[in-house]
Amino acid sequence: MNEIVHPQEVLLAEPRGFCAGVDRAIEIVERALVKFGAPIYVRHEIVHNTYVVNDLKSRGAIFIEELSEVPAGATLVFSAHGVSQEVRREAAARGFNVFDATCPLVTKVHVEVAKLHREGYEFIMIGHKGHPEVEGTMGQLTEGIYLVEDVADVAKVRVRDPARLAVVTQTTLSVDDAADILAEVKRVFPQVREPKKQDICYATQNRQDAVKLLAPQVDIVIVVGSPTSSNSNRLRELAERLGTPGYMVDAAEDLRAEWLQNRSRVGLTAGASAPDVLVQAVIDRLRALGATTVRSLPGVEEHVRFPLPLGLGDKSMAEVSASRS
């Protein structure tokens, strides 16, 4: 009878975990709670992570989907995924104290859509139906924006003028999948206008590149992230595509020992909305299951910072804490 091999080494992808847009969104809710007191209402999950949402709930954040759930005069935060123009108009009409936590990279896409729409363009959006970012971006217009989820969808698109057509992309897609769909868009609509810089965000790109480096060196890839997190799901899919079994865990207790049998080298990464405390908990669980060494692979260092909205201060929470110590 062969002896079962337990995990020996953990390789950490770099970079992993929180990106600048997620950091900013969470800080906006934290600051609003400090400045205005509980409750603070947040439309949709601020970021797609169960731990983060539950932590903010415990401090007085109330997560809602419809603005009808928000009482008059309340403070409202839009999530990092962005909202439609209809939601913005309703919030303004009802007089809420609004803070916009939309990731600036998503806002950039919204601005591009509004600008080109004024110039007479229609749009193809590459993304996943039902994702709040897609709903927000498509909701910048009342017509003339068409969603494609895969290569086959492109042939179904009918536009007024192929010479006045632009393409935009959900920021958290698989880089490779998006490239395949974009190639088909360009084949069917050769005159399509592309963004000056691809819409897929730097953090999504960097985390996928890190998994491309990690996956061939390990026997299994564990992704820390919630099921609703698009970018986390793409990391797991990417590992599988590269031939390495991939699993996603929302928390350390989701990690199953049988996944690790006869897999001595474990790769570990985290989606852009997963906090490092969860990664450390998974490392502790892997150590308990037998892992003896943990090391980080080389990777891109991220130094991106996004400013906070007016009314919440111009220093980060960390800077404020440091200035008081």
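## Reading a sheet and a cysteine site

Author: Welcome! This is a predicted model, and a good place to begin is helix α8 (residues 230–241), which lies across β9 (220–224), β10 and β11 (265–270). The helix runs at about 160 degrees to β10.

Reader: Which other helix packs on the sheet, and which strands does it touch?

Author: That is helix α9 (residues 276–288), which touches β1, β9, β10, β11 and β12. Its direction makes about 165 degrees with that of β11.

Reader: How do I read the sheet itself? In what order do its strands come?

Author: Read across the sheet, from strand to strand, rather than along the sequence. Here five strands form an open sheet in the order β10-β9-β11-β1-β12, and the pairing is parallel.

Reader: Which are the edge strands?

Author: Look for strands that pair on one side only; here they are β10 (246–249) and β12 (293–296). You can also ask how neighbouring strands are turned against each other: on average the angle is 25 degrees in this sheet, with direction ignored.

Reader: How many bridges join β1 to β12?

Author: There are four, and the two strands run parallel. For one example to find in the structure, take Leu11, whose bridge partner in β12 is Arg295.

Reader: Now the annotations, please. Which residues does UniProt list for "binding site"?

Author: The UniProt record, an unreviewed entry, lists Cys19, Cys103 and Cys201. They span 183 residues in sequence, but no two of their C-alpha atoms are more than 10.0 Å apart, so they gather at one spot. Cys19, Cys103 and Cys201 also belong to the lining of the largest cavity.

Reader: Where is Cys19 placed, and is it buried or exposed?

Author: To place a residue, name the elements on either side: Cys19 is in the loop between β1 (9–12) and α1 (20–36). To judge burial, check its relative accessibility, where under 20% means buried. Cys19 has 10%, so it counts as buried.

Reader: What is Cys19 in contact with, leaving aside its neighbours within four places in sequence?

Author: Its contacts are then Tyr202, Ala203, Arg207 and Ala272.

Reader: And where is Cys103?

Author: Cys103 is also in a loop, between β5 (97–100) and α4 (104–118). With a relative accessible area of 12%, Cys103 is buried. Leaving aside neighbours within four places in sequence, Cys103 is in contact with Gly21, Ala80 and Phe306.

Key:
Residues numbered from 1 in each chain as written. Predicted model: local features only at pLDDT ≥ 70, side-chain atom pairs only at ≥ 80, totals over all residues. Heavy atoms only, no water. UniProt positions renumbered as here; feature names shortened; annotations may be inferred. 1 Å grid on protein atoms, 1.4 Å probe; cavity = no way out; pocket = protein on both sides within 12 Å on 5 of 7 lines; lining within 4 Å. Buried < 20%, exposed > 50% of the residue type's maximum accessible area, 1.4 Å probe, protein only. Contact = heavy atoms within 4.5 Å. Pairing = 2+ DSSP bridges. Axes fitted to C-alpha atoms, helices over the stretch in contact; angles between N-to-C directions.
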